[in-house]
Amino acid sequence: MKTEWKSILDQIVPKHVTLSKEKQQTILEQAEARLEQKKKPKRKWQPALVGVALAVIGCLFAVIFLNEQVIRQEKNADVMYEKVILPYEYPNLIDAQYDYSTHSLITLSSNRKKVLKYDLNMHFEEDLIKSTAVPIQDIAFNEQWLVYATVSSIYVQNRNSNETYKLNQQFVGDLQISSNRISFLDASSDKVNFRMVNLETKQITKIPIKLESSNSHSVLNNQYFITANKIKDQQAIYIYDIGNQEVKVFNVEADLVQRLSYANDSVLFIGDDVLQQINLSTGKISPIQTNDFSDFAIYQNHIALTEGDTVKLYTLADSSLTDTHAFDNIPARLVVPRFSQEGVLVVNAEDEDHSIYTLDVNAKKIHYVGESKNWKATFEYTSSEHWGEGTGKIDYKNNDKRKLTVHYKGDLKELALSKKIHISYAVTGGGSSLNQELNESIVQREYTLTSASIGGLLIREEKVIPVTVKWGNQKETIELKLKQK
């Protein structure tokens, strides 16, 4: 009786996961090959064979599918980017924004009537709102708020309580969010104006900037609202001090101003295809020397530029850029760089995997290494901290990722005879463990334990990380120590 691999695969794969035909075929072929290594049992043991088949294909699914989801560059272990292969329609995520608080991408559905979240840890999609009657024009979010706008209304959802209320505003565009405020272009009166809303009190105020035209997305932070405007053929950048309710105007020698951004008391913008900055302390406007680029994104002193078929990540000091070479070894075409408010850079790859790359510029990595008689191990720890100023409070966020790899140095056949293996480790904030059945068909030389957390207790520096390995009747402890650079 032939094993029904396709049926078994359908039982194993979670409903939210979509496997390509190529991945399905790979799993099925390898499962068949592994089971053929065993002696064929008699017909009366067929149920047992199906049980083995379930175990084999389940293991293969975990190894092949999950390992392909997040791929870290191996040539340079200190490069912090991650490649995430998307299991569904790529166009939905062409401009998806990164949500630091949930390690997810947030975007609109293809019909623009739902707000979707795609979890990058668990690899599943969920609806954040019920379907709207009319298309959504724009979305903005942070850890506390999700705001989405149609032509006639703006909807505000508290992400902690899921309570939603509506603002009856004729929305034109340019929705921005910072802490408990949003700003947007409004057409409720005869003229289009910028308005600002306190999301907690629902108070709406008009931003005192007269508009003749607006050709650039605005910037909103806790201190300023910034936009570009052209009055009497003179391009200017307007900076509204929210606390003092004062407007400063900086005339710009350019016919077209685009892509405003703010960082480190400076406003950056593209003026006639040249990247320029305004030092708000001195009022000085100066160009930044770059290669030819078609798009840019900025976070603090980090600038991402789309140059030809790739994205380059630079650090900015004064008016000069230093290349970090972060994406140099990626062969795919990279496009659409964008930063989250916490400094996570997201870029799209135009490859057959329909993948994206994420890179946290605040991330730091440390390595621990060690070995015992039969085993050696490495522990990679990546952590990121973000300090921001919320409305009247200090805003602190963090996340971390842990990866323990344990490598067997002996004969795999001897390891398979152990029947079972148990691996565990302990660190600040809690450890992790793995239990696995062993036999000749699925025994591995390396075993990996990974975990990730948001807002947890970070590892500052452990003197020793103990790793315990039990296999059969044997037991060894590997003491991992910080790897010196």
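Two strands count as a pair here if DSSP finds at least two bridges between them. Keep that in mind for the next few minutes. And one caution: this is a predicted model.

Let's start with strand 3 and strand 4. Strand 3 covers residues 97-99. Three bridges join strand 3 to strand 4, and the two run antiparallel. Take one bridge as an example. Tyr98 has Leu105 of strand 4 as its bridge partner. The two strands form a hairpin, with four residues between them. In that turn sits His103, with a positive phi of about 50°. Hold on to His103. We'll meet this residue again.

Now the other neighbour. Strand 5 takes in residues 115-119. Five bridges join strand 4 to strand 5, again antiparallel. Here, Ile106 has Lys117 of strand 5 as its bridge partner. This hairpin has six residues between the strands. Arg112 takes a positive phi there, near 65°.

So what about strand 4 itself: is it enclosed or open? Strand 4 is residues 104-108, and five of the five are buried, so the strand is largely enclosed by the rest of the structure. Look at the side chains. Ser104, Ile106 and Leu108 point one way. Leu105 and Thr107 point the other way. Both sets are buried.

Let's zoom in on one residue. Ser104 belongs to strand 4. Why do we call Ser104 buried? Its relative accessible area is 0%, and the cut-off for buried is under 20%. The side chain of Ser104 has a polar atom 3.0 Å from the backbone oxygen of Thr102. Leaving aside residues up to four places away in sequence, Ser104 touches Gln97, Tyr98 and Asp99. Ser104 also touches Lys117, Tyr118, Asp119 and Leu120.

Next, the cavities. How many of 30 Å³ or more are there? The count is two. The largest holds about 240 Å³ of space. Its lining has 20 residues. Which lie nearest the centre? Glu82, His103, Asp360, Asn399 and Lys401. There is His103 again, the residue from the turn between strand 3 and strand 4.

What is the lining made of? Seven residues are nonpolar, eight are polar and five are charged. Several strands contribute. Strand 29 (355-360), strand 31 (375-390), strand 32 (393-408) and strand 35 (446-454) each supply at least two lining residues.

To recap: strand 4 is bridged to strand 3 and to strand 5. His103 is among the residues nearest the centre of the largest cavity.

Definitions and conventions
Residues are numbered from 1 along each chain as its sequence is written. This is a predicted model: local features need pLDDT of at least 70, side-chain atom pairs count only at pLDDT 80 or more; totals for chains, interfaces and linings use all residues. Side-chain values use heavy atoms; hydrogens and water are left out. On a 1 Å grid over the protein atoms alone, a cavity is a set of points where a 1.4 Å probe fits but cannot get out, and a pocket is an open set with protein on both sides within 12 Å along at least five of seven lines; lining residues have an atom within 4 Å of a point. Grid points are joined across faces, edges and corners, and a volume is the space filled by probe spheres set on the points. Ala, Val, Leu, Ile, Met, Phe, Trp, Tyr, Cys and Pro count as nonpolar, Asp, Glu, Lys and Arg as charged, and the others, Gly among them, as polar. Buried means under 20% relative accessible area, exposed over 50%, partly exposed in between (1.4 Å probe, protein chains only). A polar contact is a pair of N or O atoms within 3.5 Å; within protein, one must be able to donate a hydrogen and the other to accept it, and residues adjacent in sequence count only if both atoms are side-chain atoms. Contact means heavy atoms within 4.5 Å.
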